[in-house]
Amino acid sequence: MKVLMVNTPQSPKLKGGDTLQMVKTAEALVQLGVEVVISTHAEPDGRGFDVAHVFNLRTIDATERQVAALARYDVPIVMSPIYLEISQALWGSTAVAQIFSEPRSESELAELLEKLKLRTLDLQQPVGVQASACSGPGTILRGDGVNRPFPDYDDRQRRILARVCHLLPNSAMEMSALMCTLGVTSIPFTVVPYGADAGLFLNADPEPFVKRFGLRDFVLQVGRVEPAKNQAMLCYAMKSLDLPLVLIGHPAHRGYAEACRRLLPKYSLVIEHLPQEQLASAYAAARVHALPSWVETCGLVSMEAALADCSLVLSTAGYECEYYEGFGYYCDPADADSIREAVQSAWERYERDAELRMRLRSRILTEFTWQAAATTALRAYESTCC
C-alpha cells in the first residue's frame, strides 16, 4: 500500500502535535511494510497513491485547498481532524492574553480574573489580534457564547469533511464533538489514539538537564508559548506557591511571551528549544508537568512527561480525561485558584502518587503507542480502499 500523508505548509516550522503525530505514525507504518510519502505542499499531488491521510481540520485555509487538490485526483481521503469545539478556547485564550497584555493594579486584575472565572467577561476583539484570528472590529466573544474566528468557520469545515471518506479522530470525545457541532453522522470513523515514544521518554536520565541548567524538581510546561497553551495563567497562579517553574517552547507570540516573563515566579527558567533527547532529560528532572491549556485533544507532552515519571496537571477544556482518566490533577484554565490548587496537590502528593504514576505508565505502554496507532490506521486505510 502507498500512502500520502498531508499536513499544512506551515507545519514543518510550527512542529506541533499534528506534525509529530504524522511523522511518528508514518515511521510506524513503514515498519509494517507501508510505503509512506509526506507532503506539506499547498496543492499535493495524489497520483499513484492508494489513500491520502490529511491532518488537522483546524487549519481551514490550507486544509481546504489541500483537500480540494486531492479530490481532483480521485484518491480516497482519510483525515485526522484533531477537532475541538472552539468557543471556549477562542474566548479564553483571547481573554487571558488581553488581561495580561499590560501591567494592571491588583484590584483591576482581581476584577478581570473573577469575571474570567465566572465566564462573564465579554470581549470586543481588536483589529489584527493574531492570537485569536478575529473576523474584524466589533467582534464580541462571550464566555457562554458560540464563538468563531469568522462567520462561515463551521460551514467551511463541513465542506472539507464532505470530501473525506473516513475519519480518524484521536478520541471518542473528539468524534462526539464533530457529531454534535458539525452534524457529522454519515462518515465512517475509527478512533486512533495518540502514542508516545517509550524508547525516548521512559526512564530518561535527568542528569544532563540538571548539569546544564542547575535545576531539579520543578514544575514544567512544554509547548509553544502562546495564548492557547495558557502559560500566562500558569505563571500567575504559581506566584504565591514559591515553586520553580520551567517553560520550554518557542515564543510563537512575542507580546504574550513577554507577558509570561513578567509574570514568572521566582527561580524560574524559560528555554526556547531543546532537542528531543534533552527534552526527555528535562521531563525526568521535573516533578510536575502542568498544562492548563485551552486546546488539547490529548496533550502529547503530558503523555511524554508521564513516561518520565512526572505528576500531571491537566485541563478540563479538552479531551485529556479520556486518556488520563483519574491519573492526574485537573484544573479549569479560566480559574487561577483551580490551577494553583492542582499544581500544589500534584507537587505535595508526588511521593504518595508513585503507584498511580506507575499505573499510568503501564496504560500508556499498553494502549498509547505509535505502533498501535499505525496498526489501527492501516486497518482504516484498507477499509477505505476496498
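This section describes the aromatic ring pairs of the structure and the arginine side chains placed over aromatic rings. The model is predicted.

A pair of aromatic rings is described by the distance of the centres and the angle of the planes. In total, 9 aromatic pairs were identified in the model. In one of these, formed by F209 and F213, the ring centres are 4.7 Å apart and the planes meet at 40 degrees; because this angle is neither under 30 degrees nor over 60, the pair is classed as tilted. Both residues belong to helix α9, which spans residues 207-213. Their spacing of 4 residues within this helix corresponds to about one helical turn. The two side chains differ in exposure class: F209 is buried, at a relative accessible area of 2%, whereas F213 is partly exposed, at 27%.

F209 also pairs with F218. Here the centre-to-centre distance is 5.4 Å and the planes lie 35 degrees apart, an arrangement that is again tilted. F218 has a relative accessible area of 0% and is therefore buried. F209 thus takes part in a pair with F213 and in another with F218.

Elsewhere, a cluster linked by ring pairs comprises Y194, Y323, Y324 and F368.

Contacts between charged groups and rings were also found. The charged end of R287 is positioned over the ring of W347, at 4.9 Å from the ring centre. In a second case, R357 places its charged end over the ring of Y350, with a distance of 3.6 Å to the centre of that ring.

Key. Residues numbered from 1 in each chain as written. Predicted model: local features only at pLDDT ≥ 70, side-chain atom pairs only at ≥ 80, totals over all residues. Heavy atoms only, no water. Phe/Tyr/Trp six-rings, centres within 6.5 Å; stacked < 30°, edge-to-face > 60°. Helix = DSSP H or I, 4+ residues; strand = E, 2+ residues; numbered from the N terminus. Buried < 20%, exposed > 50% of the residue type's maximum accessible area, 1.4 Å probe, protein only. Lys NZ or Arg CZ within 6 Å of the ring centre and 35° of its normal.
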